[in-house]
Every structure is written in C-alpha cells, then in structure tokens.
Amino acid sequence: MIRPGRSRAALLVVFLVVALTAGAALHAQDVPLERVLVRTGARLEWDPWRGHGVFVRGITSLAFTVGNRFVVENGDILHRAPSPGRTEETLYFSDEFLQIAARVFPPEDRAPRRIGAIFLDPGHGGRDPGAIGRHEFNGEVRSLEEKRIVLDVARRLRLRLVERYPDRLVVLSRSDDTYLTLEERTNRANEIPTGPNESVLFVSIHANASLNSRASGFEVWVLPPEFRRRDLVTAERTGIADEGVLSILNTIREEEITLESTLLARSVLAGLDAMVGDVSPNRGIREESWYVVRNARMPSVLVELGFVTNREEFLRLEQGEYLQRLTDGIYSGITNFVRSFEEVGRE
Ligand SMILES: [Zn+2]
C-alpha cells in the first residue's frame, strides 16, 4: 500500500513541475498529467519509487503503472491502454487512457465550484470613525464619517445580495456602530463554514481621505501577486507535515486566490464605473498588502467609495441616492464575478 504522506507529497511535486513545464511538449499525441487531472477532477496518488499511480475522486479510483498496459478501475475492472510514460519531471498518458479516465470519472458527478458565502466588511466603527470630511456650506459646517457611509452601503449591499442569493450566506463583519479589530474581521471571515469546492468572497468597504482636497473618485485594491501568504494551507488542515510540500501547495493556492481577487476587483470596478463613472473618476485597481486583504484566506478586495475630503464628493456621499448607486455598482460587480466563477467551474 502507498504511504499516504509520501504519495501526497509526490503528487504535489509532480503537480508543481507540470505547472512549471506546461507547454514543454513530449510527443504530439501525448496527454500531460495536468490535462488528466483537469478533465477528471480526480487527484493523483503517486508512488515514484514503484512508478505506480492511482487517480482518486470520491469512491472511484483508476490505477496504473508505468510500463504496464493495464488500467484498473475500482480495484477490479480491467482496461487496456498504452503504458503511461514518465520523464524526470512529469507523467504523460495516451489519448486512450484519457478516454478511459473520462468515462470512469464522468463530469456530472463533480461538485461544481461555487461561492458559498459573501463576507461584507464595512471598515472602522465605534471609537474608530475612519476618515472624516468637514466642509462649510453657507456658513454651516457639516461633517461626514467614513464608518457611517460604509456601514450604510454594506447594509444596502447585504439586502440586495440576500434577495439575489437566498441559498448563500451573506455576512456583515459588523451590522452596527461597533469597533472591531482587523484580526476580528478576518477571523470572522475565515471561520465561515464552507462545503467542498466552495469559496467565500471577502469585500471590505471604505471611504477615502486625502490632504489634496481635489482628490476624488473610487478605486478597488487587491493583493499584489508577488506577495506571499504562508498559512493558506497548514499542516493541521491537510495532515501533511512536510514543510516543503506545504509551501508548494501554498504557492499554488495563493496564485489561484490572487487571480480570483484580481478578477473580482475588475468586475467591481466595472460595476462602479457603470453606475457612478459619469460623476466620479475611476481611479482603477490598486495593489497593496492591506492587512485586511492579506489575512483573508479567500478572494478579497477592498473598495474605496470616494473621498470625504473632496467638497463635491462629500455632497454626493451625503445622499442616500448616491450610496444606493455605489451599492448597485458593487452589487453588479459581485454578481457578475460569481456568475463567471461558477461557469468556469462547470466547463
Ligand atoms: Zn477606511
């Protein structure tokens, strides 16, 4: 029997190598390991010392050995296909093998990937007002606190999302004027239970301030791709003790999340642009290691609604009608992202 720790470790190494060498052709008719994994949705348990591998998904398995023409389904059904090949870096299979694998692991059994929950995080709160705008209008000084604007938008957004997605969790980090630390916000998001193939979206909502009173407009922040999150995959979650393997798995997962965050950011930015782009400048996508975004183990963006320090924007941000337009922009950004995220998963 294959030792699970070792075979998993080997799988990850093979997977990474395949990812790195994708495009390096073996033979024209060969199917790279990566394609078998994607097509079947199975994982590979691989014993490099015996040249023996098993594709596994749920209770279904398909075993093969390099140099052997037999392929064994669920331990007792025999198929024949040209022997899988092996290089120092990866495995490759015949088209016949791929056809067998596709029949053994039919696509309809696969749980499509899904956004299980949306976590909305209005910034600041309680003793932390966030940015404060103060302007004089006809001799009267009016002020506006970031914590109130962002809570208003987050609540409006939650209402629309709950209506659209009655079967998903839509969670607010805070629903009133309370103070939460950044750790508390990310912990709450990370504690949301998810099923297999389910992700949580993390959307933090803020308003801006600048020493330059002319600065105005909306923007969306994501994590820069080069940033390394180390604890996406932990030994206690996976049962893998090997530090090197955990770091490889972390890198793969991190790149996936960074890509998804960027797609979500683009979608939200486009939604905002469509709703308020006529009056508020689109400042684009920004990348920074924001604490909130950095510690969330899920696709995460931070939306800046506008500048309370800008006189014209202040007047807009005072109005419920404008906050509703901002809400509708973020809403369509999120729902468009969810639709395409789940469509891709369905192939
Ligand atoms: Zn803020």
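Trainee: Where does Gly41 lie in this structure?

Mentor: Gly41 sits in the loop between helix 2 (33–40) and strand 2 (43–47), where helices (H or I, at least four residues) and strands (E, at least two) are DSSP runs numbered from the N terminus. Residues are numbered from 1 along each chain as its sequence is written. This is a predicted model, in which local features need pLDDT of at least 70, side-chain atom pairs count only at pLDDT 80 or more, and totals for chains, interfaces and linings use all residues.

Trainee: Why is Gly41 called partly exposed?

Mentor: A residue is buried if 20 or more other C-beta atoms, placed from the backbone, lie within 10 Å of its own, exposed if 12 or fewer, and partly exposed in between. Gly41 has 19 other C-beta atoms within 10 Å, and is therefore partly exposed.

Trainee: What makes Arg185, Thr186 and Ala189 lie on the same side of helix 5?

Mentor: These three residues are buried in helix 5 (residues 182–190). The arc is that of the directions from the helix axis to the C-beta atoms, and because they cover only 90 degrees of it, they are on the same side of helix 5.

Trainee: Which residues is Val203 in contact with, leaving aside its neighbours within four places in sequence?

Mentor: Two residues are in contact if their C-beta atoms lie within 7 Å, and for Val203 the residues in contact are Ile118, Phe119, Leu120, Asp121, Val301, Val303 and Ile334.
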